[in-house]
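Colleague: I've got a model open on my screen and a pile of "how do you know" questions. Can we go through them together?

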Amino acid sequence: MSDNERLRDLAENLALILAQGGMQKATARVMTSLLFSRQETMTAADLCEELQISSGAVSGAMKQLAQSGLLERVPAPGSRRDHYRFPDGAWARLMSQQNQLLSTMSEVAEQGLAAADGPSTPAGRRLAEMGDFYAFMLRELPPLIARWRTDFTAKREVRVWRG
């Protein structure tokens, strides 16, 4: 099996896992194709050809990926087509965006706990656990992402320095 075939198989396997986890299949395939591509950028036509899916499926997938920060449009001098890539820093940015969801979930838990008359009721017990979980995640996730960024930057500098 060639390296290109191996990359394609790995991309398809990850896409399958993501689809089983709830991501739309075309979105998962486009994302993993960009992630595993040996090319710096790809056009929508490149993705259609590689994945053997319709331009409508690619377009819908690209819209979803762009909204979540897992795809970016990049300039391609001399080309009339838009070029796209999987952006650097996407994972940390994606997790950082989750902070808003964490905050919302924490607020809802607090409001629900008050409406349920405290943690002594069944709903209150569940909502107290939810509130505790999301409060913990809100405290822990931002510093964890910051530490990862510091670590990643240091590793990148070492890789560049070594050549």
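What follows is a talk about how the labels on this predicted model are earned.

Colleague: Start with trust. What makes you confident in the prediction as a whole?

Modeller: The mean pLDDT of the chain is 93, on a scale from 0 to 100. On top of that, 98% of the residues reach 70 or more. Among the elements, α2 has the highest mean, 97, while helix α6 (residues 122-162) has the lowest, 90.

Colleague: And what is the overall layout?

Modeller: There are six helices and two strands, and along the sequence they run α-α-α-α-β-β-α-α.

Colleague: Why is the chain called more spread out than a compact globule?

Modeller: Set the two numbers side by side. The globule rule gives 15 Å for 163 residues, and the radius of gyration here is 21 Å, well over that, so the chain counts as more spread out than a compact globule. As for its extent, the C-alpha trace spans about 65 × 45 × 35 Å along its principal axes. Buried residues, those under 20% relative accessible area, make up 28% of the chain.

Colleague: How do you know whether helix α1 has the length expected for its residues?

Modeller: Count and compare. Helix α1 covers residues 3-20, which is 18 residues, and at 1.5 Å a residue the expected span is 26 Å. From first C-alpha to last, α1 reaches 26 Å, close to that expectation. Just after α1 comes Gly22, with a positive phi of about 120°.

Colleague: Which other residues have a positive phi, although not glycine?

Modeller: Gln52 is one, with a phi of about 55°, and Asp117 is another, at about 65°. Gln52 sits in the loop between α3 and α4, and Asp117 in the loop between α5 (90-115) and α6.

Colleague: Why do you call Gln52 and Asp117 exposed?

Modeller: Exposed takes over 50% relative accessible area. Gln52 has 65%, so Gln52 counts as exposed. Asp117 has 64%, and therefore Asp117 is exposed as well.

Colleague: Then Thr43, in the loop between α2 and α3: buried or exposed, and why?

Modeller: Buried. The cut-off is under 20%, and Thr43 has a relative accessibility of 6%, so Thr43 passes. Leaving aside neighbours within four places in sequence, Thr43 is in contact with Arg81, Asp82 and His83.

Colleague: Now the inside. What makes a group of residues a nonpolar core, and which members of the largest one touch the most others?

Modeller: The members have to be buried, nonpolar and joined through side-chain atoms within 4.5 Å. The largest such set here has 17 residues, and Val30, Leu34, Leu47, Val58 and Met62 touch the most other members. The elements giving two or more residues to this core are α2 (25-36), α3 (44-51) and α4 (55-68). Of these, α4 gives the most, with four residues.

Colleague: What does Leu34 touch, farther than four places away in sequence?

Modeller: Leu34 touches Met42, Leu47, Leu71, Tyr84, Arg85 and Phe86. Apart from that core lies another, of nine residues, among them Ala92, Ala109, Leu127 and Met130.

Colleague: Why would such side chains gather like that?

Modeller: In soluble globular proteins, nonpolar side chains tend to be buried together.

Methods. Residues numbered from 1 in each chain as written. Predicted model: local features only at pLDDT ≥ 70, side-chain atom pairs only at ≥ 80, totals over all residues. Heavy atoms only, no water. Buried < 20%, exposed > 50% of the residue type's maximum accessible area, 1.4 Å probe, protein only. Contact = heavy atoms within 4.5 Å. Expected span 1.5 Å × (residues − 1). Rg over C-alpha atoms; globule rule 2.2 N^0.38 Å. pLDDT = per-residue confidence, 0-100.
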